[in-house]
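Got your viewer open and a selection box ready? Follow along, and at each stop we'll say what to pick next and what is there.

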Amino acid sequence: MLPQDSAGAVELEEPGLPLTDDAPPGASEEPAAAEAAGAPDSGRCWLCLSSRCCSRTEPEAKKKAPCPGLGLFYALLSAFCFSVSSLLVKKVQDVHAVEISAFRCVLQMLIVLPCLIYRKTGFIGPKSHRIFLILRGVLGSTSMMLIYYAFQTMALADATVITFSSPVFTSIFAWICLKEKYSPWDALFTMFTISGVTLIVRPPFLFGSNTSGIEESYSVHLKGTFAAIGHAVFAASTLVILRKMGKSVDYFLTIWYYVVLGLVETVIILFILGEWSLPYCGLDRLFLIFIALFGLGAQIFITKALQIEKAGPVAIMKTMDVVFAFIFQIIFFNNVPTWWTVGGAVCVVASNVGAAVRKWYQSSK
C-alpha cells in the first residue's frame, strides 16, 4: 500500500501515496506533470509511447521487452527527485508553505491547459461527476499545503515518515466508501503504522518531557505532525475519489480541477494570513523553480516506472524516500535522527512493504 498508484495513477507529489496493485490508473495526488510531460495522443500507446503501438501491429513474440530493473530504477529516481523537492521546501526561508503551493498550482496549470485544449475534453466535466471533481480539487490542494507546512515546521525525516501513513487511511476509506475488503492483514499494518507515528510524535503522556532531536519547540513539532497526518488523510481521500470516478473522467480534467481550485484556495488563505509576497532572496526564488522541476521529475519517473513494472515492487522501492530524507537531514541540517525516529520509520516502512508484498503476491496467483 503506498503515496502513488499504477500506470497513470500517481499522486505524490508527496511521499507515502498508495502504490498498490488494485489502485486504478490515474490515482496519484499530482501527476499532472508526469502525464502532461509524456502523455501520448489518442492514437498512441500508453505503454510504448510510439505513434503505432507495437502491441497492435506486431506479433507478441516480437515485442521488445524493457530492460530488466529499469522500472525500479525509475522508481528510485522518483524517490530522489521527490526528496530533493522536499528538501528545497524546507530550505526556503521567506516563503510561506501556502505560497509555495500557489506557485506550484500556477506551473501545473500552464502544463495542463494546453493538454486539455488538445484533447478537447472541456473544462467542466460531466455533470454527474462535478461534485467529485470539486472534492478532488479541494482535498488534493489542501493535502499539498499541509505537507509543505509539515516540511517547514518539523524534521525532514519525521515529516516524510508520517506521510507514508497514507495507505492506512486509503484502505480504511475504501472499506467504508467503496466497500472494498478490509482484512486482518490490513488491521495489522494499520497498527504498525500507528506505532511508528506514535514513536515520532512522542506524546508527553507516554514519553514524558523528553524532546531530544526535535528541531523546534514541542508545540511547533506537534503542529507539523498534525499537518503531516492531515496530508495523509486528505491524500487518501483524494485517491478514493479518483477510484470512485474511475476512467469515466479524463485524468487531465481531474488535474485541472486540482490546480484551479488549489490556486483559488491558496490565494484566499494567503490574503487571510497576510502572507502574500514575492520572496526577497534570489536564492529562494531559485528554490521555488527547482521545487517545481524536481516535483515534475518525480511524477515523470514514477509514471514511467509504473508503466513497465508491477506496482508492488515500485511501492517497495518508493520507500527510499525515507532513506533519502534521513541522509539529507544529516547532511544539510546537521541533524542526526533520534532512535525514536528510526524506530518509527522502521514500523511505517515495514507496514508499507508488507502491504505491497501481500498485494504483489495476491496479484501473482
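Select Phe332 to begin: it counts as partly exposed, at 44% relative accessibility. The classes here are buried for under 20% relative accessible area, exposed for over 50%, and partly exposed in between, with a 1.4 Å probe and protein chains only. Before clicking on, note that this is a predicted model, where local features need pLDDT of at least 70 and side-chain atom pairs count only at pLDDT 80 or more, while totals for chains, interfaces and linings use all residues. Numbering runs from 1 along each chain as its sequence is written, and side-chain values use heavy atoms, with hydrogens and water left out.

Keep Phe332 and add Val323, Ile327, Ile330, Ile331 and Val336: together they make a nonpolar surface patch of about 530 Å². Patch members have over 30% relative accessible area and no salt bridge; nonpolar side chains (Val, Leu, Ile, Met, Phe, Trp, Tyr) are joined within 5 Å, and like charges within 9 Å. The areas come from the Shrake-Rupley method with a 1.4 Å probe, and for residues only the protein chains shown count as cover. Val323 is partly exposed too, with a relative accessible area of 37%.

Next, show residues 320-333 as a cartoon. That's helix H14, where Val323 is found. Helices (H or I, at least four residues) and strands (E, at least two) are DSSP runs, numbered from the N terminus. How far apart are the end C-alpha atoms of H14? They are 19 Å apart, which agrees with the 20 Å that its 14 residues should span at 1.5 Å a residue. The expected span is 1.5 Å times one less than the number of residues. Now colour the buried residues of H14: Asp321, Val322, Phe324, Ala325, Phe326, Phe328 and Gln329.

Time for the rings. Eleven aromatic pairs are present in the structure. Rings of Phe, Tyr and Trp (its six-membered ring) pair if their centres lie within 6.5 Å; planes under 30 degrees apart count as stacked, over 60 as edge-to-face and the rest as tilted. Pick Phe324 and Phe328 for a stacked pair, 6.3 Å centre to centre with 20° between the planes. These two are four residues apart in H14, about one turn of the helix. Phe324 is buried at a relative accessible area of 14%, and Phe328 is buried as well, at 8%.

Step from Phe328 to Phe332 and you get an edge-to-face pair: 5.8 Å between centres and 70° between the planes. Phe328 and Phe332 are separated by about one helical turn because they are four residues apart in H14. Add Phe80 to the selection, and you have the cluster that ring pairs link: Phe80, Phe324, Phe328 and Phe332.

Now for charges. Select Asp321 and Lys318, which form a salt bridge with their closest N and O atoms 2.0 Å apart. The rule asks for a side-chain nitrogen of Lys or Arg within 4 Å of a carboxyl oxygen of Asp or Glu, and the count by that rule comes to one. Are Asp321 and Lys318 buried or exposed? Both are buried.

Stay on Lys318 and bring in Phe82: the charged end of Lys318 sits over that ring, 5.0 Å from its centre. To qualify, NZ of Lys or CZ of Arg must be within 6 Å of the ring centre and within 35 degrees of the ring normal. For another case, select Lys90 and Phe333, where the charged end of Lys90 lies over the ring at 5.7 Å from its centre.

Jump to Asn334, in the loop between H14 and H15. Asn334 has a positive phi of about 50° although it is not a glycine. Asn334 counts as exposed, at 68% relative accessibility.

Carry on into H15, residues 339-363: its 25 residues reach 36 Å from first C-alpha to last, close to the 36 Å expected. Buried residues in H15 include Thr341, Gly344, Cys347 and Arg358.

One detour: Val98, in helix H4 (residues 97-119), is buried at 7% relative accessibility. Draw a distance to Leu263 and you'll see C-alpha atoms separated by 9.7 Å, though the two are 165 residues apart along the chain.

Finally, zoom out. The chain has 15 helices and zero strands. Buried residues make up 52% of its 365 residues. The accessible surface is about 16000 Å², with 69% belonging to carbon and sulfur atoms.
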